[in-house]
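Colleague: I have just opened this one and have not looked at it before. Could you walk me through how its parts pack together?

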Amino acid sequence: MEQREIMQRSVGILTEALEMRRRLRENPDADVAGNGAVATLLEEMLPHVQLPADASAREVADIVTAKLGPAIVQIASSLTFAFVQLAEIHDEGRTDVSSADVLRSISLHYETGGED
């Protein structure tokens, strides 16, 4: 999966979380459930790991780290990037831009091929 797609999906996850939070604030008793975007992203990105039957605990840890580490770093980097963008707007005290606006801007940037 390309970094662009990972970034867009990460933004989608954050956008969904914002919407869920908004709905809960409006109706604290609402049954608000996500669409499984996080689980889907993990299923699609994380490789299946096969372990030798005789692998030691240390070998298992090394194999799992080597196989899963790169995908986890990509996901964490995308979420961190979006968080930093949101935090910068917040810290600047900007009230003319909502969190949804920032996330939309990030998504559009990556949709048009941005790689920053």
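**Helix contacts and a ring pair**

Modeller: A good place to begin is the contact of two helices, where Arg4, Met7, Gln8, Val11, Leu14, Thr15 and Leu18 in H1 meet Ser99, Ala100, Leu103, Ile106, Ser107, Tyr110 and Glu111 in H4. By class, the residues of this contact of H1 with H4 are eight nonpolar, four polar and two charged. Please keep in mind that this is a predicted model.

Colleague: How do the axes of H1 and H4 cross, then?

Modeller: The axes of H1 and H4 come within 9 Å and cross at roughly 160°, which makes H1 roughly antiparallel to H4, since angles over 145 degrees are counted that way.

Colleague: And is the crossing of H1 and H4 left-handed or right-handed?

Modeller: H1 passes H4 in a left-handed crossing.

Colleague: Staying with H1, what does serine 10 touch?

Modeller: Serine 10, which lies in helix H1 (residues 3–26), touches Leu41, Ile75, Ser78 and Leu79, leaving aside residues up to four places away in sequence.

Colleague: Buried or exposed, that serine 10?

Modeller: Serine 10 is buried, because its relative accessible area is 0%, and buried means under 20%.

Colleague: Leu41 came up there; which residues make the contact of H2 with H3?

Modeller: Helix H2 (residues 37–45) and helix H3 (residues 57–91) pack with their axes 10 Å apart, at an angle of about 145°. The residues that make this contact are Leu41, Leu42 and Met45 on the H2 side, and Ala71, Gln74 and Ile75 on the H3 side. Sorted by class, five residues of the contact are nonpolar and one is polar, with no charged residues. The crossing of H2 and H3 is right-handed, whereas H1 passes H4 in a left-handed one.

Colleague: Changing topic, how many aromatic pairs are there?

Modeller: The count comes to one aromatic pair. The ring centres of phenylalanine 81 and tyrosine 110 are 6.1 Å apart and their planes stand at 80°, so the pair is edge-to-face, given that planes over 60 degrees apart count as such.

Colleague: Where in the chain do phenylalanine 81 and tyrosine 110 sit?

Modeller: Phenylalanine 81 is in helix H3 and tyrosine 110 is in helix H4 (residues 99–111), so that the pair links distant parts of the chain, 29 residues apart. Tyrosine 110 is also one of the H4 residues that meet H1.

Colleague: Why do phenylalanine 81 and tyrosine 110 count as they do for burial?

Modeller: Phenylalanine 81 counts as partly exposed because its relative accessibility is 25%, while tyrosine 110, at 4% relative accessibility, counts as buried.

Terms used:
Residues numbered from 1 in each chain as written. Predicted model: local features only at pLDDT ≥ 70, side-chain atom pairs only at ≥ 80, totals over all residues. Heavy atoms only, no water. Axes fitted to C-alpha atoms, helices over the stretch in contact; angles between N-to-C directions. Helix = DSSP H or I, 4+ residues; strand = E, 2+ residues; numbered from the N terminus. Left-handed = near helix turned anticlockwise from the far one by under 90°. Contact = heavy atoms within 4.5 Å. Nonpolar A, V, L, I, M, F, W, Y, C, P; charged D, E, K, R; others polar. Phe/Tyr/Trp six-rings, centres within 6.5 Å; stacked < 30°, edge-to-face > 60°. Buried < 20%, exposed > 50% of the residue type's maximum accessible area, 1.4 Å probe, protein only. Parallel < 35°, antiparallel > 145°, perpendicular 65-115°, else oblique.
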